[in-house]
Amino acid sequence: MKYYIIAGEASGDLHGSNLMKALKEKDSNAEFRFWGGDLMQKQGGILVKHYRDLAFMGFLEVAMNLRTILNNIKFCKEDIKNNKPDVLILVDYPGFNLRIAKFAKELGIKVIYYISPQLWAWKEGRVEIIKKYVDEMMVILPFEEDFYHKHGVKSHFVGHPLLDAISTLQNISVDDFKAENGLNEKEIIALLPGSRKQEVEKMLEMMLSVRPHFENYQFVIAGAPSLEKDFYQKYVDENVHFVSNKTYDLLRCSKAALVTSGTATLETALLNIPEVVCYRGSKISYAIAKRLVKNIKYISLVNLIMDREVVKELIQNELNTKNLVKELNLIIEGEKRNEMLQDFKLLREKLGGKGASENAAEIILKHIF
């Protein structure tokens, strides 16, 4: 079977790679052509474009790179037409993927959507596009199944694939991790500033502004695989360190974390590390987003899934040194930390057990055959 997969971000690369692994176990003739990253490439097949060339953040940034985006869409359509896959699997990334879904469906290619766009937050009207051009919708958040049912779209809750990724982790020694990465003996505060250059530049300076208040800790930046190590060097000194492609290990060895809003907020929680969620976009992008997002009280997946504030979200002007210091102190020791860890346990229970990738692969193969 010939599979064409499109994942446009780091999280999609992770989930796409696990899905490819599950498909290979069930389909010995699986052939992959994909847009993704290093993790998907390790599963074999042909990488058409890396997500580092696709990721543009915010309305203003998208507008500034519109020509590149349109060229990528045109190239993708031609590539699909020339390679004639049996099935197209779309992983989140809706602005791009929904355009490709329409094109592929009109060619008679089966279209599977794995990991729903967050239509429940904004652009709810896109449900009609999914109803028309997507053959199977697989969702990874419990409330998404009800959302699609309300709109007359059949969907399958397969579980969350992060539980698959985390379940395979081996035990880790904090002392060994520190020694291997040139860290000192102090406890670690992890910094996860995002995966896009413009995002990282915006977030790291603010995150590091808390350093004078936490001299008994060392700060370690989780490098994004899409960015070069040299990019981070201006932030590194004797008590600010950097590790690349070791985010899960870093988190598991940390006391707490400052995390830019995105999939990483959920990853951090599932790894049982207390966190403060940070977000600051351009004024124009944020103003547009506020007008478009409907009935959503939170920006982090942790709080959205639990439907209450479990982790503190510092957004736009609330993201400042004073608030970061206050919230970080609350989760390093004491009652707030213990409450958060208990809530993380409830979060894992709500998401169910591992097996999302295998469940998704079964549905794909059942639909194709």
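Select strand S8 (residues 187-192) and strand S9 (residues 217-223) in this predicted model. The two strands run parallel and are joined by 5 bridges. To find the register, display Ala 190, which stands opposite Val 220 in S9. Then add helix H10 (residues 197-208): S8, H10 and S9 make a right-handed β-α-β unit.

Keep S9 selected and add strand S10 (residues 240-244). S9 and S10 also run parallel, with 5 bridges between them. Here Ala 222 is the residue to pick, as its bridge partner in S10 is Val 243.

Now colour S9 by side-chain direction. Tyr 217, Phe 219, Ile 221 and Gly 223 point one way, while Gln 218, Val 220 and Ala 222 point the other way. Are these residues buried or exposed? Both sets are buried. Because 7 of the 7 residues of S9 are buried, the strand is largely enclosed by the rest of the structure.

Next, move to the open sheet of 7 strands. Its order is S3-S2-S1-S4-S5-S6-S7, and the pairing is parallel. Strand S3 (46-50) and strand S7 (155-157) are the edge strands, each pairing on one side only. From one strand to the next, the twist averages 15 degrees.

At the S3 edge, select strand S2 (residues 31-36) as well. S2 and S3 pair in the parallel sense over 4 bridges, and Trp 35 stands opposite Lys 49 in S3. Add helix H1 (residues 10-26), which packs on the sheet. H1 touches strand S1 (2-7), S2, strand S4 (87-91) and strand S5 (110-114), and its direction makes about 175 degrees with that of S2.

For the S7 edge, select helix H7 (residues 142-150). H7 lies across strand S6 (136-139) and S7, running at about 165 degrees to S7.

Return to S2 and show the side chain of Arg 33. Asp 79 forms a salt bridge with Arg 33, with the closest N and O atoms 2.8 Å apart. Asp 79 lies in helix H4 (residues 66-83) and Arg 33 in strand S2, so this pair ties together parts that are 46 residues apart in sequence. Asp 79 counts as buried because its relative accessibility is 8%, against a cut-off of under 20%.

A search of the whole structure finds 13 salt bridges. For two that involve Lys 26, select that residue together with Glu 358 and Glu 362. Glu 358 forms a salt bridge with Lys 26, the closest N and O atoms being 3.9 Å apart. This pair links Glu 358 in helix H17 to Lys 26 in helix H1, 332 residues apart. Glu 362 also forms a salt bridge with Lys 26, here with closest N and O atoms 3.4 Å apart. Glu 362 is in helix H17 too, 336 residues from Lys 26. The residues involved are partly exposed: Lys 26 has a relative accessible area of 35%, Glu 358 is at 43% relative accessibility and Glu 362 is at 40%.

Stay on helix H17 (residues 356-368) and select Ile 364. At 0% relative accessibility, Ile 364 counts as buried. What is Ile 364 in contact with, leaving aside its neighbours within four places in sequence? The contacts are Tyr 3, Leu 19, Leu 23, Ile 89, Ile 112 and Met 138. To finish, draw a C-alpha to C-alpha distance from Ile 364 to Met 137: the two are 9.9 Å apart in space and 227 residues apart in sequence.

Definitions and conventions: Residues numbered from 1 in each chain as written. Predicted model: local features only at pLDDT ≥ 70, side-chain atom pairs only at ≥ 80, totals over all residues. Heavy atoms only, no water. Buried < 20%, exposed > 50% of the residue type's maximum accessible area, 1.4 Å probe, protein only. Contact = heavy atoms within 4.5 Å. Pairing = 2+ DSSP bridges. Axes fitted to C-alpha atoms, helices over the stretch in contact; angles between N-to-C directions. Right-handed = clockwise from strand over helix to strand, strands pointing away. Salt bridge = Lys/Arg side-chain N within 4 Å of Asp/Glu carboxyl O.
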